[in-house]
Amino acid sequence: MNDPVIQTERLCRYFGNRPIVRDLDMRIPAGQVTAMLGLNGAGKTTTIRILMGLLRPTRGSATVFGEDTSQMSPATRGRIGYMVEGHFLYPSMTVQQCAKFQRAGHATWDNELFHQIVDHFGIQPNSRIAEMSRGQRAGVSLALVLAPDPELLVLDDPALGLDPVSRRALNETIVEFAGDGKRTVMLSTHLLDDVERIADRVMVLVGGRLKVDTSMDDFANRVSGFAVKIETIDRGQLAAIPGLIEARKVGDWFHLSLADCDEEATAAIQRLCGDAIEPIDMTFGDGVLAYLARERGESSFLNLDRAGAKR
């Protein structure tokens, strides 16, 4: 197996006495687009800032291209493109001036690619940043990040607040960038539709812990749902269902979401409600939301690399 581009082992980060990232074990392989999902406060941005060397872990380790992120060399940093939430640019500059300023700090620069991306967002080179929409600023930011031709692209909520046209341009550019399979993309986002369009792998953080780490196809195949008609369900009955992610009341029915549902889990549900059970079609978004809804509880763990171990 090839060495991962990004790897963490028992990574933890506290702010005061409050844990934000807890025992995070993560491996991101080369050549794939990996989406990291989670509620606000789940630890996504903190994890990214540790990976970029902007925060030190409280304990545990994080490496990018095999180097400790708290001691990354300039050469390794040059292999990374990092786009932060908010798209911070100097408002007094024009697009052309931004490019000249950014270019001075990089050993390589693809000016043709820069202008292709800017043009894809419908931006004129002499446009001033202060006069741009949020979507246009996102386009300039992405062009500035991609022009040095990084091997790893890290995006922190890049589509936040963008209109549909700008979101489409952003997603198309990311797909084009990663299309040859030689580059790696890691993005944090809340937009599940975008994840379905562009991601190869999905990770879900719940309360700073990694609860899902698998391919998109595998996630879709291994999360299933059932509707059961029963008046009440107590915690003991729920605990007896292997792989249960979430149970919620919907009218006269309970909707159960399960990971890796097998004969044992099906039998447990039937003991609970007899024949009053119906399968539910689960979308990718349904499965993710089931995990996020259990922010305060324990849920089953999906990991393609560890044969779907449950805990």
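Is Asp-194 buried or exposed? In this predicted model, Asp-194 is buried, with a relative accessible area of 3%. The cut-off for a buried residue is under 20%. Asp-194 lies in helix H7, which covers residues 192-198. Arg-197 lies in H7 too, three residues away, or about one turn of the helix. The side chains of Asp-194 and Arg-197 meet in a salt bridge, at 3.2 Å from N to O. Arg-197 itself counts as exposed, at 59% relative accessibility. The bridge thus has one buried partner and one exposed partner.

Further salt bridges were examined next. The count comes to eleven salt bridges. One of them pairs Arg-10 with Asp-23, and their closest N and O atoms are 3.4 Å apart. This pair links distant parts of the chain: Arg-10 belongs to strand E1 and Asp-23 to strand E2 (residues 18-28), 13 residues apart. Arg-10 is exposed, with a relative accessibility of 52%. Asp-23 is partly exposed, at 28%. Another salt bridge joins Glu-151 to Arg-79, with 2.9 Å between the closest N and O atoms. Glu-151 sits in the loop between helix H5 (134-146) and strand E7 (152-156), and Arg-79 in the loop between helix H2 (74-77) and E6, so the pair ties together parts 72 residues apart in sequence. Both partners are partly exposed: Glu-151 has a relative accessible area of 34%, and Arg-79 has one of 29%.

Arg-79 also meets an aromatic ring. Arg-79 lies over the face of Phe-65, at 3.8 Å from the ring centre. Phe-65 is in the turn of a hairpin formed by E4 and E5, and has a positive phi of about 55°. Two residues separate the hairpin strands. E4 and strand E5 (residues 67-68) run antiparallel and are joined by two bridges. The bridge partner of Val-64 in E5 is Glu-67. On E4 there is a further pairing. Five bridges join strand E1 (residues 6-15) to E4 (residues 59-64), and these strands run antiparallel. Glu-9 stands opposite Ser-61 in E4. A second arginine lies over a ring: Arg-13 is over the face of Phe-15, at 4.6 Å from the ring centre.

Aromatic pairs were also searched for. The whole structure holds three aromatic pairs. Tyr-90 and Phe-101 form one that is edge-to-face, at 5.6 Å centre to centre and 85° between the planes. This pair links distant parts of the chain, eleven residues apart: Tyr-90 is in the loop between strand E6 (80-83) and helix H3 (95-103), and Phe-101 is in helix H3. The ring centres of Phe-219 and Phe-284 are 5.5 Å apart and the planes stand at 70°, so this pair is edge-to-face. Phe-219 lies in helix H8 (residues 216-222) and Phe-284 in helix H11 (residues 284-292), 65 residues apart. Both rings belong to buried residues: the relative accessible area is 1% for Phe-219 and 7% for Phe-284.

Thr-34 gives a further example of a buried site. Its relative accessible area is 1%. Thr-34 lies in strand E3, which spans residues 33-37. Beyond residues up to four places away in sequence, Thr-34 touches Ile-28, Val-185, Met-186, Leu-187, Arg-201 and Met-203.

Technical notes: Residues are numbered from 1 along each chain as its sequence is written. This is a predicted model: local features need pLDDT of at least 70, side-chain atom pairs count only at pLDDT 80 or more; totals for chains, interfaces and linings use all residues. Side-chain values use heavy atoms; hydrogens and water are left out. Helices (H or I, at least four residues) and strands (E, at least two) are DSSP runs, numbered from the N terminus. Buried means under 20% relative accessible area, exposed over 50%, partly exposed in between (1.4 Å probe, protein chains only). Contact means heavy atoms within 4.5 Å. Two strands pair if DSSP finds at least two bridges between them. Rings of Phe, Tyr and Trp (its six-membered ring) pair if their centres lie within 6.5 Å; planes under 30 degrees apart count as stacked, over 60 as edge-to-face and the rest as tilted. A charge sits over a ring if NZ of Lys or CZ of Arg is within 6 Å of the ring centre and within 35 degrees of the ring normal. A salt bridge is a side-chain nitrogen of Lys or Arg within 4 Å of a carboxyl oxygen of Asp or Glu.
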